[in-house]
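Subject: Structure handover

Hello,

Here is the structure I promised to pass on. Please open it alongside this message; my notes follow below.

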Amino acid sequence: DQPFATTGAWHDATVQGGATSAHGGTGYGDKGFPPPGKGSGAWLGFAPGRDVQVRVGISYVSLANARANLAAEIPPGTTLPQVAGRAHDAWNRTLGRIAIEGGTKDQRTTFHTALYHVLLQPTTFSDTNGEYRGFDEKIHRVGGTQRIQYANFSGWDVYRSQLQLLTWLMPKVGSDIAQSLYNQAQQNHGEWDRWTHDSGATHVMAGDPSVPALAGIHAFGGRDFDLRGAYASLKYAATHVSANDLSDAGCNVECVGERPSLDQWMKLHYIATKSHAWGGAGETLEDATADFALSQLAAAVGDDAGHALFLTRSGYWRNLFNPHATAQGGYIQNRN
């Protein structure tokens with residue numbers, strides 16, 4: 001609600017006063033860290049001594065959609081106290097889905113803070129009209145019973161417990177997250193990426209976390225998504241070696257394959273120390289976890305043969321268990 005006094009932009013180390021746009025990202029350098037001195041951005045300056053009120057609308061589809069999102073979420077004339085009040089009420093309703101008793105005030109604060117963190121991601125990616133930018137860079141619209149397309153899925157971090165809790169509290173949200181992941185895979189040549197960011201893949205971390213993510217969602221009450229289609233896609237990826245599965249591109253932090261070194265998994269029944277994956281023992285445990293989850297999805301859709309196959313494969317971790325690793329006992333150990 002105040003005029004811009006100054007503008008400027010930068011690209012890497014070049015700063016340009018008066019500019020109004022910039023482009024260029026950071027990427028990944030050695031060992032997955034962003035290289036220094038890379039990136040871009042812009043700034044706005046205002047006359048000193050004046051408060052600035054800002055209403056922001058975001059869309060990855062179009063400027064028109066960004067304006068529509070803004071009009072739907074923060075209509076003209078909305079005050080800052082009104083926005084704060086609505087946010088307060090929305091979070092109060094959501095956090096109130098779990099009632100707790102006892103403990104100290106600090107313990108109750110810790111509990112609700114942790115619950116708040118659990119519910120922050122994945123984030124809404126579709127616009128108010130249902131449109132969103134897909135992994136194929138085309139514009140799609142949510143359909144069927146799906147209400148929201150979600151993005152920013154840190155799969156390796158969330159499949160163990162976060163998605164189960166989120167789905168238990170809000171089964172429809174969990175269902176839409178599962179459908180969102182399946183939509184992304186369909187738009188990504190059938191590959192399920194480990195760590196999706198907005199409308200693209202990053203390949204970060206190890207294993208195939210989408211499988212236990214969907215199995216966890218389904219087990220905790222998220223049933224309103226295309227389970228059969230998602231299972232068929234995940235089953236194909238787990239039984240057909242792709243060129244990306246055999247590629248060292250991005251390794252070892254961002255290996256491009258959905259199932260890195262799947263050929264070893266199917267032939268040797270473990271991932272070896274030298275592979276197209278992050279690491280042998282760790283990748284073996286991740287693949288065993290994914291295959292057990294896939295066996296549960298197979299049972300849910302009535303694929304008895306698939307259930308037996310993946311249940312057997314989930315036991316391949318035994319091939320890396322060295323019972324005599326130490327005098328005290330064994331552990332999972334890399335194997336050539």
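The lining of the second largest pocket splits into 5 nonpolar, 7 polar and 4 charged residues. This is a predicted model, so please read everything here in that light. The volume of this second pocket is about 330 Å³. It is lined by 16 residues, and those closest to its centre are Ile58, Asn69, Thr124, Phe125 and Ser126. Helix H1 (63-73) and E4 each contribute at least two lining residues.

Now the largest pocket. Its volume is about 910 Å³. The lining has 23 residues, with Glu73, Ala87, Ala90, Trp91 and Thr124 closest to the centre. Three elements give two or more residues each: helix H2 (80-95), strand E4 (123-124) and helix H6 (171-187). H2 provides the largest share, 7 residues. By type, the lining of the largest pocket has 14 nonpolar, 4 polar and 5 charged residues.

Thr124 is worth a look in both places. It is among the residues closest to the centre of the largest pocket, and also among those closest to the centre of the second largest.

One more site: Glu254. It sits in the loop between helix H8 (227-239) and helix H9 (262-267). Glu254 is buried, yet it forms no salt bridge. The nearest side chain of opposite charge is Arg194, 8.8 Å away. What does Glu254 touch, leaving aside residues up to four places away in sequence? Its contacts are Tyr28, Gly32, Thr202, His203, Val204 and Ala249.

Best wishes

Methods:
Residues are numbered from 1 along each chain as its sequence is written. This is a predicted model: local features need pLDDT of at least 70, side-chain atom pairs count only at pLDDT 80 or more; totals for chains, interfaces and linings use all residues. Side-chain values use heavy atoms; hydrogens and water are left out. Helices (H or I, at least four residues) and strands (E, at least two) are DSSP runs, numbered from the N terminus. Buried means under 20% relative accessible area, exposed over 50%, partly exposed in between (1.4 Å probe, protein chains only). Lys and Arg count as positive and Asp and Glu as negative; His and the chain ends are not counted. A salt bridge is a side-chain nitrogen of Lys or Arg within 4 Å of a carboxyl oxygen of Asp or Glu. Contact means heavy atoms within 4.5 Å. On a 1 Å grid over the protein atoms alone, a cavity is a set of points where a 1.4 Å probe fits but cannot get out, and a pocket is an open set with protein on both sides within 12 Å along at least five of seven lines; lining residues have an atom within 4 Å of a point. Grid points are joined across faces, edges and corners, and a volume is the space filled by probe spheres set on the points. Ala, Val, Leu, Ile, Met, Phe, Trp, Tyr, Cys and Pro count as nonpolar, Asp, Glu, Lys and Arg as charged, and the others, Gly among them, as polar.
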